[in-house]
Amino acid sequence: HTTLATGVSINEYALGKQYLNEFNNLMEQIRVDTEKEDYSNQEYWIHIDDENMCLNERVLQRCQLLLKNILNISELRNNVTLNNLVLLLDSMIKNIINCESYTSLDDKSSGITKRITNMSVHIIFSVFLLKRPEREIYLEKYILIPTAYLSKFINEIKENYLSKNIHPDLVLLSQSIQLLPAYIRQNTYLDDGFLTKLIYFFADIITDSAITFTSNASMQHTWDNIKALSSDVLVAIFQVVPAQRLFLINELLSNIDKLPFKRVQRTLNKISKDKYATYFTTCLLTLLANINSFEVLSHQEGTTDDTIALFKREKKEQEKLASDFIEHINQTILKRFLQNSTKYRYILESFVQDLVILFRLPTWFIASEVLSSLLNKLLSIFESSSTSSLVETSCLQIVGQIGSAIFDVKHSTLSKQDNNIVKLYNYPEYIPQFLESFNRCIEYTRMDPTGLSSYEYIQCKEFEKLLELYELNSDVNNISNIDTYMKEFLTKVTDLKSII
């Protein structure tokens, strides 16, 4: 089984060349028809009305498949000619414009134009994922027209979600936004206006509680998938554009009035077999987990004074950033509750319930820090003489809930597993067991497709603990042993990063 230098087999490459040839032939036919303005070939074209025509669904499906297969073989991405890519993008934009100009009360015709438009949007983002350097591919119209359509389509779904024919639209929306997170993550420059629009309508989807399909499991599953994709879009923006972070978090917080006042399991984000939380909380926690020092850690070579100093500076900066965001989130939610405890009590209780469920799980390590900050803020409320008895009673119940959850974790932890820095300093023989606990957490997060940010977060925490031990110790033998642990850890992180 012969492979190329990049690991692609000769057979895969040969098959990829066939896909490329078929794509070129497809585009050549579209070019000939377009130049001649001859759209009579029904194998390729469909007449929307007397004046407008579009590439038909069969051709679009073939384009999607061919692009997907070409994307899978990186060696072929630059072999697609620029002329063909520009022709394809222009054809997709024409599809969107022509379908949008057509209005029909006929469900069948409307369904066809919606499918064509959404497939065209998907193809445009597929082209972007080829990572081609040519500017001609990234013209403003190729971004703004699909985005404007998606915004309009989302609003239509929200207006008509009670319609019995809404499920096909939900499926189309899910397919259309599927590639958005990957597109955002690979771009170093994204227009602020474009990002603002994305933040507005995806934050709205995540917090929207009016749209539910609890009586139809299939429709609810599709809507859940749209919410998960919406969350991933926001996480991608948070990762790539730090300047948008505060605005993004504020937009989510500004929508808390839309959160449900009733906790219906079927509308929650299923975290594991028997654990559920709101999409609002899981999205916020995923954002926060992305504030870590992993980028510096994964490129750290050895444990010299300089590399350790670099990591410590980065750690301090990232911890301050995360702490500020956590304080801001908790303060905002608590402030709403104190202003109107009757109206916002459920929002606070639901947020706490999410945190209590999630802080026990390795994939949601950050939840414990949010919960700790919130607990301190709740306790400080009792120090004020102006707090009403109603608010105090509510806070007491919530504090009790948090305390009970912490006690359960403490009670279920075996004494030999109850490790902390002081114990490890005094009894270094427990260090391997301590590190093994981290390894189990890391393996758990790696098995979870949503756990990447948690994986990075936990890796940073493990190294921080080793560093604390290293700096506490004065015994030469202990220092040597911990230094060995640190070097082994850095090797492991570098190896794992290469396969993620």
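In this predicted model, a network of salt bridges links Lys158, Asp204, Asp208 and Lys258. A search of the whole structure finds 24 salt bridges; three of the pairs are described here, including two from the network.

Within the network, Lys158 and Asp208 meet through their side chains, with an N to O distance of 3.5 Å. This pair joins distant parts of the chain: Lys158 belongs to helix α5 (residues 140-159), while Asp208 sits in the loop between α8 (192-207) and α9 (217-240), 50 residues apart. Asp204 and Lys258 form another salt bridge, at 2.5 Å from N to O. Here the partners are 54 residues apart, with Asp204 in helix α8 and Lys258 in the loop between α10 (245-254) and β3 (269-272).

Outside those four residues, Glu22 pairs with Arg62, and their closest N and O atoms are 2.6 Å apart. The contact connects helix α1 (residues 10-36), which holds Glu22, to helix α2 (residues 57-71), which holds Arg62, across a separation of 40 residues.

The relative accessible areas of the six residues are listed below.

| Residue | Relative accessible area | Class |
|---|---|---|
| Glu22 | 31% | partly exposed |
| Arg62 | 27% | partly exposed |
| Lys158 | 22% | partly exposed |
| Asp204 | 12% | buried |
| Asp208 | 10% | buried |
| Lys258 | 34% | partly exposed |

Asp208 counts as buried because its 10% falls under the 20% cut-off. Its partner Lys158, at 22%, is partly exposed. In the other network pair, Asp204 is buried and Lys258 is partly exposed. For the helix-to-helix pair, Glu22 is partly exposed, and Arg62 is partly exposed too.

Technical notes
Residues numbered from 1 in each chain as written. Predicted model: local features only at pLDDT ≥ 70, side-chain atom pairs only at ≥ 80, totals over all residues. Heavy atoms only, no water. Helix = DSSP H or I, 4+ residues; strand = E, 2+ residues; numbered from the N terminus. Buried < 20%, exposed > 50% of the residue type's maximum accessible area, 1.4 Å probe, protein only.
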